[in-house]
Amino acid sequence: MTSEMTDAWWLVLLKAVAVFGFLVLTVLVAILVERRVLARMQMRSGPNRVGPAGVLQSLVDGVKLALKEGITPFGADKAIYRLAPVISVVPAIMAFAVIPFGPEVSIAGHRTALQLTDLPVAVLYILAAASIGAYGIVLGGWASGSIYPLLGGLRSTAQVISYEIAMALSFTTVFLYAGTMSTSGIVAAQEGAWYVFLLLPSFLIYVISMVGETNRAPFDLPEAEGELVGGFHTEYSSLKFAMFMLAEYINMTTVSALAATLFLGGWRAPWPIGMWDGANTGWWPLLWFVGKVWAFLFVFVWLRATLPRLRYDQFMAIGWKVLIPVSLGWLMTVAVARGMESALHTPSWSTAIAGLGVVLAAAVTVRRTSASSSPSDRRSGTTGYLNPMATGYPVPPLPGQRIADPVIIIRREDIDA
C-alpha cells in the first residue's frame, strides 16, 4: 500500500485543503493572465486599474458576481437549475485528487507523497469525473426552460462523447508503455524518457482532445454567442454563473496537469535541470510541475487569441473522421511495437520511430487518395439539390449540396389581370 493511502487524517485534510486552494488560486491568476495576454496579443492594455498593475481584477470580478442579483427564469425547473452548477464544479475539483504534485516529502515529521490519493485506475477515475461534469452543462441548459441553452447543452453532450473517445485512446498507448493506470506509476515509468518523445502522436491527439473537452476556443461551440446567444449558461447569473466559470478553468487546470503527468514526466525536472542530483527530491519537483501546468494553460490562451471558432460540422468531423481513426491506427502500431520489443529485445525509441513512420505513411496515402478523386466523384454521394424551405424553416446546405432553383408559381388571377 502506498504511503499516500496510509496518511493520518489531519494530513489528508491538510492536503485536500491545499489542493482546493491551489485550484482556486490558479483560477484567479489564470483569468487575469488570460486577459492580460489576450490584450498584449491584440495590442491593447487589458486590466490595469484595480490593484498594482491590475493584479486584483480577478478578485474584484468574483466579488462583483457574488453581489449581483440571482435571477431564476419563470419556466425553469428550479431544483435542477440550481443543482447544475454544483454538478459542474464538484467533479472538476474531485478529478484533481489523483494528480501527483511531487515525490515523498516530510511534513511535520511525517513522510508523505505530494498527492492526495492514488488509485490503480486513477486515469479512468479522471475520465469518469470529467464525464459527470458534462451532466451539469446538459442539465443547466435543459432546466433553463429556453431553446438556446438547451441547444448548447445538447452540443456539449455530443462534444464530450466525440472527444473523450479520442482522449481515452491516447491514454491507452500510455498504459501499454507504463504497464499501469496509476498516475504515480506512470510518472515513475518516465524516469528514463518522457512519453512525449516515445508517443508523440498520442500527445498531439490528447492536446487537441483536451481543448474540445474543456469547451475552449476554437472549440467553444456549446456557448457560441454567434448562434446560441450565450449557450448553456445564457439564463444564469450571479454565483451560479461564477460556478460554471470556475468549473471551466478548473477543468483547464486538470487536463493540463494530466498532460504533464502522462507525457511530460509529471513532477520530474526537465533537461538540463534534471542533471542536478537534487532536482527531483524535496519540494523542488512542485515547482517543475506547476511550470508545466502553466505552459499548457498558456497554450489555451494562445489558441483563443489566434484561431477563429470552427463550424459545428467541422468540429465533429475532426473528432470522428480524423482523431478517432488516427488514434485507433496509432494504438495498433504501438501494440505491435511493444510486442516486437518484447520478442526481439529492441529499444523503445526504435519501435516508437518505426510506428510513427507507419502512421505518417498511412496519413500520406489517405491524403493522396482523397486528393486524386475528382470533385464530381465526391459530389456523387451527396443528396444533390436541396430545398431549403422543405420543412418550413430555412436550412443551410451541407457540403456538396446546392440550393434548388426557385419555382415560380403563376396564378390564373395574375394572367387574367
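Here are a few friendly notes on the salt bridges, a helix pair and a surface patch in this predicted model.

1. Ground rules. Residues are numbered from 1 along each chain as its sequence is written. Local features need pLDDT of at least 70 and side-chain atom pairs 80 or more, while totals for chains, interfaces and linings use all residues, and side-chain values rest on heavy atoms, without hydrogens or water.

2. Salt bridges. With a side-chain nitrogen of Lys or Arg within 4 Å of a carboxyl oxygen of Asp or Glu as the criterion, the count is 7. One of them joins K15 to D7, at 2.7 Å from N to O. K15 is buried (under 20% relative accessible area, 1.4 Å probe, protein chains only; exposed is over 50%, partly exposed in between), at 8%. D7 is buried too, at 15%.

3. A long-range link. E34 and R304 also form a salt bridge, 2.7 Å from N to O. The pair connects helix α1 with helix α11 (residues 284-306), 270 residues apart; helices here are DSSP runs (H or I) of at least four residues, numbered from the N terminus. E34 is buried at 2%, whereas R304 is partly exposed at 41%. Both belong to a salt-bridge network with R216 and E248.

4. Another pair to look at. D220 bridges to R309, with the closest N and O atoms 2.9 Å apart. D220 is buried at 12%, and R309 is partly exposed at 30%.

5. Helix α2 at the surface. Which helix holds L67? L67 lies in α2 and, at 71% relative accessibility, counts as exposed.

Terms used:
Helices (H or I, at least four residues) and strands (E, at least two) are DSSP runs, numbered from the N terminus.
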